[in-house]
Amino acid sequence: MNKIILVLPFLILSSILVKAQSEDQSGIRASLNLSNLYVDEVNDENTKPGFAVGFYFRKSLSDQISIQPEINYSLKGSQINYDGGFFTGGSGKYRYNLSYIEIPVLANFHVGESLYFSAGPYVATLIAAKVKDVDGDGSINSVEEYDRDDFNTFDYGVAAGVGFDFTGGTAGVRYNYGLADVAPEDRGLDNGKNSVLQFFIGFEF
């Protein structure tokens, strides 16, 4: 079932591309990700920087509405700060890096010629997971790879944001709110779900 859900956006994107008209847009996009795993409360001190890169296509339905499917590689996760103390070692952080292939399908609501608001669902599949132990000075002590089967490989949620178009591209901010647990309950992540704030920019082909 997860594979079917992931394939459907590709089919939708392909059918839209075949019918593309001159006023439609396609291009590449990149974003700075500020990610966390939220439970009951999100602690901003644990926000982890990451990034996303991919492709987007925008199909105009009217002067005010367009549909925008995307396919992105997105690095999410969280980090935990630690202080080993005088006897057990220095301070540092554990960075949980979760790599996803993510497919959002957004509806854009255009206000005037440049400003637009976006909202819609996304689906994603986990392709890699690792933890980095980083010293307070930024040195990497170790990197531990995890098996994908230790996590829930399927993720989904909703996204919303605001952007503006400029000649040859688009830019803005978006928030992705995950609705699926990142890992099973026995993995110690307390039913954590993905939470990602993105600052993005895209350029037309």
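**Rings, charges and a cavity**

Author: In this predicted model, Tyr73 is partly exposed, with 25% relative accessible area.

Reader: Why is Tyr73 called partly exposed?

Author: Buried means under 20% and exposed means over 50%. Tyr73 comes out at 25%, so partly exposed it is.

Reader: And what makes Phe51 partly exposed?

Author: Phe51 has 36% relative accessibility, so the label fits there too, given the cut-offs of 20% and 50%.

Reader: Why are Tyr175 and Tyr177 called a tilted pair?

Author: Ring centres have to lie within 6.5 Å to pair, and planes under 30 degrees apart would be stacked, over 60 edge-to-face. For Tyr175 and Tyr177 the centres are 6.3 Å apart and the planes stand at 50°, so the pair counts as tilted.

Reader: What makes you say that Arg58 sits over the ring of Tyr116?

Author: The charged end of Arg58 is 4.8 Å from the ring centre of Tyr116, and the distance cut-off is 6 Å, with the charge also within 35 degrees of the ring normal. Lys76 does a similar thing over the face of Tyr100, at 5.1 Å from the ring centre.

Reader: Tyr116 also lines the largest cavity. How do you know which strand gives the largest share of that lining?

Author: Strand E9 supplies three residues, the largest share. The lining includes Phe200, Ile201 and Gly202, and strand E9 spans 193-204.

Reader: What makes Gly202, one of the lining residues, polar or nonpolar?

Author: Gly is counted among the polar residues. By class, the lining has four nonpolar, three polar and three charged residues.

Key. Residues numbered from 1 in each chain as written. Predicted model: local features only at pLDDT ≥ 70, side-chain atom pairs only at ≥ 80, totals over all residues. Heavy atoms only, no water. 1 Å grid on protein atoms, 1.4 Å probe; cavity = no way out; pocket = protein on both sides within 12 Å on 5 of 7 lines; lining within 4 Å. Helix = DSSP H or I, 4+ residues; strand = E, 2+ residues; numbered from the N terminus. Buried < 20%, exposed > 50% of the residue type's maximum accessible area, 1.4 Å probe, protein only. Phe/Tyr/Trp six-rings, centres within 6.5 Å; stacked < 30°, edge-to-face > 60°.
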